[in-house]
Amino acid sequence: YKTTAFISGMFNSDLEVSRFEGASIRTVSGLRGQVKKSLREGQPGSFRATFEDKILLSDIVFCRTWVPVEIKQYYNPVTSLLCKSGAEGWRAMKPKAQLHVETETPIEVNPDSIYKPIERKERTFNKLRVPKSVESNLPFKSKHKDDTKRKKKSYASKRAVVMDAEEKKKYTFVQAVNTIRNEKKAKRRVKNAERRDAKAKEQAKSDERLDAARKARKRAQHRSDGKVEAARERKRIRG
């Protein structure tokens, strides 16, 4: 949804939007996008589009369109060949490429028509800042919860925890129980992996047997079909 935008002012009706669905669009800053669907609400001709990055409200979006133009054909037959010696002495007009080669004239190059590498500047967006007056009226789940970094350590992190003998025994017992549980989990994980490997091997063997039986059945079917076809051919030849 961050790269989606609602655009208006490009088309005049929903019919035009449906005609250009899937067309490539672009912003002045160089972000490429695509026309998706027309909007039911808002100005006629508004549509939803997706881009490769987040665009700004001030970005101008344009769509490049090409219209096929048919060139008028011109035909002027030469009846006199414009020469007394006939067709052998007549020479048609030389094309531009041939003139360039004969006169060794370089082709004119427009610098604006040369392809240039597209350089997109990395865009930085301002962070969302909610005013305190608005944040105070928000529910707790929507409030900003990032704690600011402390320059000094808090009292809870600096204080030392000293356990007595009974607490040490409980802590040691809990550690031993956790160690035993982790070892059991590791053994169970290894057993499950071995069981899966064995099951995969059995499945592969059964698949091989089924493939062999299927191939044998197909060979027998083809053999019987061939015999029936040969009998029909012999019967047809005998008449």
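1. A salt bridge here is a side-chain nitrogen of Lys or Arg within 4 Å of a carboxyl oxygen of Asp or Glu. Asp211 and Arg214 fit that rule: their closest N and O atoms are 2.7 Å apart. The model is predicted. Both residues belong to helix H5 and are three residues apart, so about one helical turn separates them. Asp211 has 36% relative accessibility and therefore counts as partly exposed. Arg214, at 38%, is also classed as partly exposed.

2. How many salt bridges does the count give? The count comes to five. Another of these contacts joins Glu233 and Arg236, with N to O at 2.3 Å. This pair also sits in helix H5, three residues apart, so the separation is about one helical turn. Glu233 is partly exposed, with 34% relative accessibility. Arg236 reaches 57% and counts as exposed, because the cut-off for that class is over 50%.

3. A further salt bridge links the side chains of Glu102 and Lys94, at 2.8 Å from N to O. Glu102 has a relative accessible area of 44%, which makes it partly exposed. Lys94 is partly exposed as well, at 28%.

4. Now the sheet. It is open and has five strands, in the order E1-E4-E3-E2-E5, with antiparallel pairing. Which strands lie at the edges? Strand E1 (4–7) and strand E5 (61–62) do, since each pairs on one side only. As background, strands of a sheet pair through backbone hydrogen bonds, in either the parallel or the antiparallel sense.

5. Take the pair of E3 and E4. Strand E3 covers residues 32–38 and strand E4 covers residues 47–51. They are antiparallel, and five bridges hold the pairing. Ser38 faces Phe47 of E4 across this pair.

6. Strand E2 pairs with E3 and with E5. With E3 it shares three bridges, and the two run antiparallel. Ile25 stands opposite Gly33 in E3. E2 and E3 make a hairpin with four residues between them. Gly30 lies in that turn and has a positive phi of about 105 degrees. With E5 the strand E2 shares two bridges, again antiparallel. There, Thr27 stands opposite Val61.

7. Which side chains of strand E2 are buried? Across residues 24–27 the side chains alternate. Ile25 and Thr27 point to one face and are buried. Ser24 and Arg26 point to the other face and are not buried. This fits the general pattern, in which side chains of a regular strand alternate between the two faces of the sheet.

8. One backbone angle deserves a look. Glu104 has a positive phi of about 55 degrees, although it is not a glycine. Most residues other than glycine have a negative phi. Where is Glu104? It lies in the loop between helix H2 (96–103) and H3. Glu104 counts as exposed because its relative accessibility is 70%.

9. The loop between H2 and H3 also holds Val130. Val130 forms a nonpolar surface patch with Leu128 and Val134. Together the three have about 300 Å² of accessible area. Val130 itself is partly exposed, with 39% relative accessibility.

10. Helix H3 spans residues 132–135 and includes Ser133. Is Ser133 buried or exposed? At 51% relative accessibility it counts as exposed, because the cut-off is over 50%. How far apart are Ser133 and Ala193 in space? Their C-alpha atoms are 58 Å apart, and 60 residues separate them in sequence.

11. Back to helix H5, which runs over residues 165–238 and contains Arg188. Arg188 belongs to a positive surface patch. The other members are Arg181, Lys184, Lys185, Lys187 and Arg189. Arg188 is partly exposed, since its relative accessibility is 47%.

Notes:
Residues numbered from 1 in each chain as written. Predicted model: local features only at pLDDT ≥ 70, side-chain atom pairs only at ≥ 80, totals over all residues. Heavy atoms only, no water. Patch = residues over 30% accessible without salt bridge, like charges linked within 9 Å, V, L, I, M, F, W, Y side chains within 5 Å. Areas by Shrake-Rupley, 256 points an atom, 1.4 Å probe, with all protein chains shown as cover. Lys, Arg positive; Asp, Glu negative; His and termini not counted. Charge placed at Lys NZ, Arg CZ, Asp CG, Glu CD. Buried < 20%, exposed > 50% of the residue type's maximum accessible area, 1.4 Å probe, protein only. Pairing = 2+ DSSP bridges.
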